[in-house]
Amino acid sequence: MRWLFVLVWLLALTGATPVFAVQPDEILPDQQLEARARNLSRELRCMVCQNQSIDDSDAALARDLRVLVRERLQAGDSDQQVLDFLTARYGEFVLLKPLFSLQTALLWLMPAALVTFGAFFLIVRVRRQRKGGETDVKLTPAEQARLGKFVKSENE
Amino acid sequence: MIAELGHYALVLALGLALIQSFVPILGARTQDPVLMGVAGTTALAQFLCVAIAFTALTICYVISDFTVANVFENSHSAMPLIYKITSVWGNHEGSMLLWVLILSLFGALVAIFGANLPLTLKANVLGVQSWVAAAFYLFILVTSNPFLRLPQAPFEGRDLNPILQDIGLAIHPPLLYLGYVGFSITFSFAIAALIEGKIDAAWARWVRPWTLAAWMCLTIGIAMGSYWAYYELGWGGWWFWDPVENASFMPWLAGTALLHSAVVMEKRNALKVWTILLAILAFSLSLIGTFLVRSGVLTSVHTFATDPTRGVFILAILATFIGGGLALYAWRAPTLKQGGLFAPISREGALIFNNLFLTAACATVFVGTLYPLALETLTGAKISVGAPFFNATFAPLFIPLLLAAPFGPLMAWKRGDLYGVAQRLLGAFAIAVIAIVVTFTIAEGGSVLAPFAIGLAFYVMAGALTDLVERTSLFRAPAAVSLTRARGLSRSAWGTALAHFGLGVTLLGIVFETQWGTERIAEMKPSQTLSIRGYDFTFAGIAQRDGPNYRELTAKFIVRNGDVVVGVLEPSKRSFSSRDTSTTEAALMTRGFSQFYLSLGDPKPDGSIAVRLYHKPLVLLIWLGAVVMMLGGALSLSDRRLRVGAPKPAKPKTALQPAE
């Protein structure tokens, strides 16, 4: 009877997306290798999904990539070699952490640049304050005269 | 008839908004109290109209009126009542209606609670807020009308996206919108100040409650969304750096910066120009978030190009308000009187430090989210910016913030004593060191840096409490004295301590979950057992059940700790025939602050089923920390100084309920 349930269930699922990422049959027997594969999977994008890593995604393509990563690792590739291999094959789009290049310089440098620039700006302001103090700037005689005029017109 | 009534009410709201856009501002310019007084009436009337429109749509959903296209596309007669109601905002048109409902609610709240605002300021604020409202009413009426009828009534609706059929949807979007839209008030205050060319410490005091209220809703809204994704999406992740999440995170970062800079402005009459800019930015980021989520530009530049009407309309709204706001800022801000000297080592210095890093963090999220889009549009090159990038850039920006957080409240205004504060934090440092050492000796696995992260979390928590401990003479004076002193402390002091403490709690949860979470993936046959962290999960069998609008396959697992049965977990997979999709319903078991998380894969014809089992240590602290932060905000909101000489703060609790 249970088999019938499962069969009905499988039929119901056709066309639907199975919601499950890493499948039990993909897992490598070597635990260390498997751990490396999982770490790499988190760095790689499932290219048909919206901003999902192949570790999270249940798409068929993600599964293919996960198997591919494991194959390369079993063949003795280093982590970097696996990433290079996939980048050569699918382009930089596959990397969730983009490489540093002219194209991505702004992206990578922006946070540090912003903090540095902000800190610099603040330091300059504090220095300027210390030297003169914004509050006791002396008025030039011309300004004094203008001020006098305003005060007079206000009183009238 | 009901749909038409709603449609009519919405058009009426647009008319009222247009009146409110001009008349009060004209009144403020001519100092005419009658014209200025119009704003309060129209703001209330606007809210009434939008509430009628929203109620009308809700009624259409409840009675499953499939002649209304929007109801047909997003509802089903067999859905439980609660989901019929939540489907109202589970789609584009309805969610925009919720957006304007909250917008008009905030307008009405200003009208009601703004009795002690200066008359011109109140008129200008409500006027500016009405510009935003008018733009969005127009957007809904022109491009996203939820009240359109179908020429022929279908027999049955197409059902709501099954993933959205969850109680999480009932709470998450309204809270998030309360946060987003709450910043529209701050924005209106900023623009009004620029128009008047006058801004002072009192202004900061009037703005702060609104900012706090919006920030609280956003905090809890984001946390809710995160928890919802965690249990609903079925792979146990709680933050994905997804553009949609980033869209809500950016206003939160800007809003947090604004909360802190507004304090400086209120107390020291400094940072005025910067605070105004942050107020404009916080709402701009909310608008950008709405644009990113609503226009479909994220899915791909190409889907945006194929149906650009909505996207272009929102983009125009964006350009008008952000561009207009910033242009006005560039024009008027230099005329605002800059005041207040500040020393680098002082309370205000610490708050500026906070602002520097929060702004940089916000900018990082912004650039990271939009960079791929911009690059593809400009050069055609496709890159991805995902979680690994954000993790790598975000942590270095947040660590200084966390280190500085306990220092801020302990510093004196004007001239702080860094060395003295460090000495007062000795207790916190000691606790951190103990935490690091203990973690080093006990912990198995996890990164080398993990113990330091634990130490940081304990430092933040202990540091947050240091101020309270000192000021109540806890452990030094008799308990009764401490209690009296604790009562005497201002609520905002409690609020600050609590919010900072919550930050440490969240950090602790994050570190534990990411570093020491364990996972088992296996194919199981009935009566087989899977073990994790000393708990045994025995697969007892599969059953099939019928829900109201789905069929579900449930697997039963008996959980044992040693020989003691501690519970039964029943994860399931639901299949919705109306949309031909399925969802995974993970089963969760909470032990203390930790959770076991069990989700199902596909059943095989031989009776076995793929199973994913996680142990998530202290995972609940991630969201609990956010709740603590929100409570801190609530305490601060109830502080006396915000009640006296300032408008009564918005009560988010009453605001939580969407209009009936």
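Reader: How many residues does each chain bring to the contact between chain A and chain B?

Author: In this predicted model, where two residues count as in contact if their C-beta atoms, placed from the backbone, lie within 7 Å, chain B gives 49 residues and chain A gives 46 residues. Residues are numbered from 1 along each chain as its sequence is written, and chains are lettered from A in the order in which they are written. Local features need pLDDT of at least 70, side-chain atom pairs count only at pLDDT 80 or more, and totals for chains, interfaces and linings use all residues.

Reader: Which element supplies the largest share of the side of chain B that touches chain A?

Author: Helices (H or I, at least four residues) and strands (E, at least two) are DSSP runs, numbered from the N terminus; here helix 13 of chain B supplies the largest share, 10 residues.

Reader: Which strands stand at the edges of the open sheet in chain B?

Author: Two strands pair if DSSP finds at least two bridges between them. In chain B, four strands form an open, antiparallel sheet in the order 1-10-9-8; strand 1 and strand 8 (587-591) each have a single partner strand, so one side of each lacks a neighbour in the sheet. Strand 1 of chain B is joined to strand 10 (residues 609-616) of chain B by seven bridges, and Thr518(B) has His615(B) as its bridge partner in strand 10.

Reader: What is the average pLDDT of chain B?

Author: pLDDT is the predictor's confidence in each residue, from 0 to 100, and chain B averages 88, with 94% of the residues scoring at least 70. Over residues 646-660 of chain B, however, the pLDDT is below 50.
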